[in-house]
Amino acid sequence: MSALVLSPALVVAYALAEAMPGTPAPRPAPTSVLAKLPPGYRDWRLISVAHEAGNLNDLRAILGNDIAVKAYREGTLPFPDGAIIARLAWEYVPSAANNKVFGQPQSYVAGLPKEGVQFMVKDARKYAATGGWGYAQFNEGVPVEGVTIANCAPCHQPAKPHDYLFTEYAP
Ligand code: HEC
């Protein structure tokens with residue numbers, strides 16, 4: 001059996017690299033359940049819309065891929081593997097142009113995107129620890145890591161009777 005031998009030069013080089021200021025620390029491996037935005041998600045079908053007031057003050061759309069929309073329409077619970085739900089959000093802004101037509105201030109429309117794009121990805125085995133759903137968020141196309149993602153699943157716990165989804169299919 002051959003023992004693992006580290007060359008002294010390698011050990012010194014390693015120690016130097018560790019000690020040298022400005023040496024970039026090794027990057028942690030990305031943990032986002034989606035490495036990039038799912039292709040075509042913007043064209044997925046509509047599950048529902050919502051308006052959050054308060055600090056969020058947004059307009060949002062909940063979209064689903066084909067597997068998710070089929071499960072919603074057929075009332076399948078739990079959702080099958082491969083289902084992906086997307087939550088998009090925009091600024092909630094008054095529309096001067098529309099208000100002019102209506103003759104009074106009543107119209108609000110989607111402004112710029114905000115609060116990133118959130119996803120729930122179903123894989124019962126892979127994400128067993130979080131109810132079978134993997135959670136992801138992208139801010140300007142870049143996956144968000146860390147504490148933001150860790151908070152997703154606990155907050156969705158109250159929706160457990162509906163497989164952790166708050167949104168109901170809008171008829
Ligand atoms: C403060 C609690 C809370 C946190 C934290 C939270 N969510 Fe949600 N989420 C909700 C609620 C309530 C809804 C339904 C209302 C809405 O759309 O705003 C929702 C809706 C969603 C939806 C649409 C499907 C559904 O369940 O209605 C997705 C997708 C989603 N969240 C993903 C995420 C992701 C990803 C994270 C973490 C980055 C996250 N959520 C963090 C409470 C939370």
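Which residues touch the most other members of the largest nonpolar core? They are A68, I84, I85, A86 and F119, in a core of 24 residues. The model is predicted. The protein chain has 171 residues, and 19% of them count as buried. A ligand is present, with 22 residues surrounding it.

**Overall fold**
- The protein chain holds 5 helices and 7 strands.
- Read from the N terminus, the order of elements is α-β-β-α-β-α-β-β-β-β-α-α.
- Take the contacts between residues at least 6 apart in sequence: 47% of them join residues at least 24 apart.

**Nonpolar core**
- A68, I84, I85, A86 and F119 have the most core neighbours among the 24 members of the largest nonpolar core.
- Two or more residues of this core come from each of β2, α2 (66–74), β3, β5 and β6.
- β3 gives the largest share, with 5 residues.
- I84 has contacts beyond its neighbours within four places in sequence: P38, N65, A68, F119 and V121.
- Two of these partners of I84, A68 and F119, are also listed with I84 among the residues that touch the most other core members.
- As a general background, nonpolar side chains in soluble globular proteins tend to be buried together.

**Ligand shell**
- Q118, C152, C155, F166 and T167 are the closest of the 22 surrounding residues.
- By class, the shell divides into 13 nonpolar, 6 polar and 3 charged residues.
- Strands that each supply at least two shell residues include β1 (45–52), β2 (58–64) and β3 (84–94).
- β5 (117–122) and β6 (133–139) also supply at least two each.
- On the helical side, α4 (147–150) and α5 (152–156) each do so too.
- β2, β3, β5 and β6 thus appear in two roles: each gives two or more residues to the core, and each supplies at least two residues of the ligand shell.

**Strand pairing around β6**
- β5 and β6 pair in the antiparallel sense, over 6 bridges.
- Within this part of the chain, V121 has G134 in β6 as its bridge partner.
- V121 is also one of the contacts of I84.
- β6 pairs in the antiparallel sense with β7 (residues 142–143) as well, over 2 bridges.
- N139 stands opposite V142 in β7.
- β6 and β7 form a hairpin, with 2 residues between them.
- E140 lies in the turn and has a positive phi of about 50 degrees.

Methods
Residues are numbered from 1 along each chain as its sequence is written. This is a predicted model: local features need pLDDT of at least 70, side-chain atom pairs count only at pLDDT 80 or more; totals for chains, interfaces and linings use all residues. A residue is near a molecule or strand if its C-beta atom, placed from the backbone, lies within 6 Å of it. Helices (H or I, at least four residues) and strands (E, at least two) are DSSP runs, numbered from the N terminus. Ala, Val, Leu, Ile, Met, Phe, Trp, Tyr, Cys and Pro count as nonpolar, Asp, Glu, Lys and Arg as charged, and the others, Gly among them, as polar. Two strands pair if DSSP finds at least two bridges between them. A residue is buried if 20 or more other C-beta atoms lie within 10 Å of its own, exposed if 12 or fewer, and partly exposed in between; C-beta atoms are placed from the backbone. Two residues are in contact if their C-beta atoms, placed from the backbone, lie within 7 Å. A nonpolar core is a set of buried Ala, Val, Leu, Ile, Met, Phe, Trp, Tyr and Cys residues joined through C-beta atoms within 7 Å.
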